[in-house]
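Please open the model in your viewer and keep the sequence panel beside it, so that each selection below can be followed in turn.

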Amino acid sequence: MPLNIMTLTRVDMPVSHAEGLKILERDQFCCRYCGLDGKASFENALVMSVDFVVPRARKGKKDPANLVACCRPCNMIKGTRVYKSLEDAKKYVLAQREEMRQAWESKRSHPVARPASA
Ligand SMILES: [Zn+2]
């Protein structure tokens, strides 16, 4: 089933639809940071984008070597920092995600006390 990457055209993308699609295809539509599979569901497809490993704001080039498939949450977490390498960026993003997950889980396991309902 061909994946319709409509999201690429709906978002302010610094790369063209065709360029973005090439990168996503190369990376099998999987986020290079967290591994999210953009083909697994429509919801996943919606959050896929293309990331500049070295951000444009830091003179990162629009070159396939500097572009990776990336889900929006990872893209947001990664921000515009400059990392030594993709591996370095991945380590940072995954560590941040883990921290956020733990915070989320601790809130979940200690829900706000509510009066018992009958
Ligand atoms: Zn991700």
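## Starting inside a strand

Select aspartate 51, which lies in strand β1, and bear in mind from the outset that this is a predicted model. Is aspartate 51 buried or exposed? Because 23 C-beta neighbours fall inside 10 Å, aspartate 51 counts as buried. Next, add leucine 67 to the selection: the two residues are 16 apart along the chain, while their C-alpha atoms are separated by 5.5 Å. Leaving aside neighbours within four places in sequence, the contacts of aspartate 51 are Leu67, Val68, Cys70, Asn75 and Lys78.

## The strand pair

Now extend the selection to the whole of β1, residues 48-52, where five of the five residues are buried, leaving the strand mostly covered. Side chains in a regular strand alternate between the two faces of the sheet. In β1, one side carries Met48, Val50 and Phe52 and the other carries Ser49 and Asp51, and with all of these buried both faces are covered.

Add β2, residues 67-71, and look at how the strands run: β1 and β2 pair in the antiparallel sense, over five bridges. To check the register, pick methionine 48, which stands opposite cysteine 71 in β2, and then serine 49, whose bridge partner in β2 is cysteine 70.

Why is β2 described as largely enclosed by the rest of the structure? The reason is that five of the five residues of β2 are buried. Its two faces are both covered, with Leu67, Ala69 and Cys71 buried on one side and Val68 and Cys70 buried on the other.

## The nonpolar core

Keep β2 displayed and turn to the largest nonpolar core, which has 18 residues and in which Cys31, Ala69, Cys70 and Cys74 have the most contacts. At least two residues of this core come from each of β1, β2, α4 (72-78) and α5 (86-109), and β2 gives the most, with five residues.

Centre the view on alanine 69 and set aside its neighbours within four places in sequence; the residues in contact with alanine 69 are then Ile23, Leu24, Asp27, Phe29, Cys30, Cys31, Arg32, Met48 and Val50.

## Two helices after the strands

Move on to helix α4 and select asparagine 75. Asparagine 75 counts as partly exposed, because it has 19 C-beta neighbours inside 10 Å, whereas the cut-off for a buried residue is 20 or more. Not counting residues up to four places away in sequence, asparagine 75 touches Ser49, Asp51 and Cys70, which leads back to the aspartate where the tour began. A distance label from asparagine 75 to valine 53, 22 residues away along the chain, should read 9.7 Å between the C-alpha atoms.

Then select α5, a helix of 24 residues that reaches 34 Å from its first C-alpha to its last, close to the 34 Å expected at 1.5 Å a residue. Ala89, Lys90 and Val93 are buried in α5, and what covers the buried residues of this helix includes α4.

## A pair of unusual backbone angles

Go back to the loop between α2 (17-26) and α3 (42-47), where glutamine 28 is placed. Most residues other than glycine have a negative phi. Glutamine 28, however, has a positive phi, near 55 degrees, and phenylalanine 29, in the loop between α2 and α3 as well, has a positive phi near 60 degrees.

Which of the two labels, buried or exposed, applies to glutamine 28? Glutamine 28 is exposed, because 11 other C-beta atoms lie within 10 Å, while phenylalanine 29 is buried, because 20 other C-beta atoms lie within 10 Å.

## Zooming out

Finally, show the whole chain and colour it by pLDDT. The protein has five helices and two strands, which run α-α-α-β-β-α-α from the N terminus on. Of the 118 residues in the protein, 21% are buried, and among contacts with a separation of 6 or more, residues 24 or more positions apart account for 54%.

The mean pLDDT is 87, with 83% of residues reaching 70 or more. Among the elements, β2 has the highest mean pLDDT (97) and helix α1, residues 7-10, has the lowest (47). Where pLDDT is low, the predicted coordinates should not be read in detail.

Notes:
Residues are numbered from 1 along each chain as its sequence is written. This is a predicted model: local features need pLDDT of at least 70, side-chain atom pairs count only at pLDDT 80 or more; totals for chains, interfaces and linings use all residues. A nonpolar core is a set of buried Ala, Val, Leu, Ile, Met, Phe, Trp, Tyr and Cys residues joined through C-beta atoms within 7 Å. A residue is buried if 20 or more other C-beta atoms lie within 10 Å of its own, exposed if 12 or fewer, and partly exposed in between; C-beta atoms are placed from the backbone. Helices (H or I, at least four residues) and strands (E, at least two) are DSSP runs, numbered from the N terminus. Two residues are in contact if their C-beta atoms, placed from the backbone, lie within 7 Å. The expected span of a helix is 1.5 Å times one less than its number of residues. Two strands pair if DSSP finds at least two bridges between them. pLDDT is the predictor's confidence in each residue, from 0 to 100.
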